[in-house]
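Biologist: Please take a close look at the largest nonpolar core of this chain. Which residues have the most contacts inside it, and which elements give two or more residues to it?

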Amino acid sequence: GTSVNLSAATATIVLAAGTYRLTLAGANEEASLSGDLDVIEPLLVQGAGASATIIDATGLGDRIFDIGPGGQAVTFTLTGARLTGGRAVEGSGGAIYVRGGPTAFLTDCELVANAAESMTEGGGQGGAIANEGITTITRCVIRNNTASGSGGALSFGGGGPARLTIV
């Protein structure tokens, strides 16, 4: 099953093998009431492996994770999960948007078939990840992501002192 530990300094969500569909549509709000999952406090999401634990946002019309949407300097860690179907409409980061200030660690994960789209010139960056913070990617597969602007897989820079490490 799924378990959540909110008593620690970093909340931990352990996801068992299975597909977790995000279905509460409503993009561009920043309180996790609808659309993407807004990470505003330190969070660890631990899956059972990228081939076993799938977070699927197909049809949601929003990205999957928005890290630090209000400028929070939080730490986000994702291990052992596949993110698919994220779609940032008129935005960046189809699966994950790491805003300026946060730190993200992605380990043993897959980011597959996500998109960042925009009708404005230069918009829609980072089909899988838009990074404006500090992000470390370790043993992850990033494939079949698209962006209408730059960075079909990754975009880097933007609103903060961005740093990206790929191991």
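Modeller: A definition to begin: contact means heavy atoms within 4.5 Å. By that rule, take contacts in the chain between residues at least 6 apart in sequence: 79% of them join residues at least 24 apart. Keep in mind that the model is predicted.

Now the core. The largest nonpolar core holds 28 residues. Phe65, Phe76, Leu83, Ile96 and Leu106 have the most contacts inside it. Five strands give two or more residues each: E5 (43–46), E7 (65–67), E8 (75–79), E11 (96–98) and E12 (103–107). Strands are what the chain has to offer here: its secondary structure comes to 20 strands and 0 helices.

Start at Phe65. Leaving out residues up to four places away in sequence, Phe65 touches Phe76, Leu83 and Ile96, among others. Its partners also include Leu37, Val39, Val45 and Ile55. Ala95 and Tyr97 are touched by Phe65 as well.

Step back to the whole chain. Of its 167 residues, 48% count as buried. The radius of gyration is 14 Å, and a compact globule with 167 residues would have one near 15 Å, so the two agree. Along its principal axes, the C-alpha trace spans about 45 × 35 × 30 Å.

Last, the outside and the charges. The chain exposes about 7400 Å², and carbon and sulfur atoms supply 54% of that area. The chain carries 8 positive and 14 negative charges, and their mean positions lie 8 Å apart.

Note on methods
Residues numbered from 1 in each chain as written. Predicted model: local features only at pLDDT ≥ 70, side-chain atom pairs only at ≥ 80, totals over all residues. Heavy atoms only, no water. Core = buried A, V, L, I, M, F, W, Y, C linked by side-chain atoms within 4.5 Å. Buried < 20%, exposed > 50% of the residue type's maximum accessible area, 1.4 Å probe, protein only. Helix = DSSP H or I, 4+ residues; strand = E, 2+ residues; numbered from the N terminus. Rg over C-alpha atoms; globule rule 2.2 N^0.38 Å. Areas by Shrake-Rupley, 256 points an atom, 1.4 Å probe, with all protein chains shown as cover. Lys, Arg positive; Asp, Glu negative; His and termini not counted. Charge placed at Lys NZ, Arg CZ, Asp CG, Glu CD.
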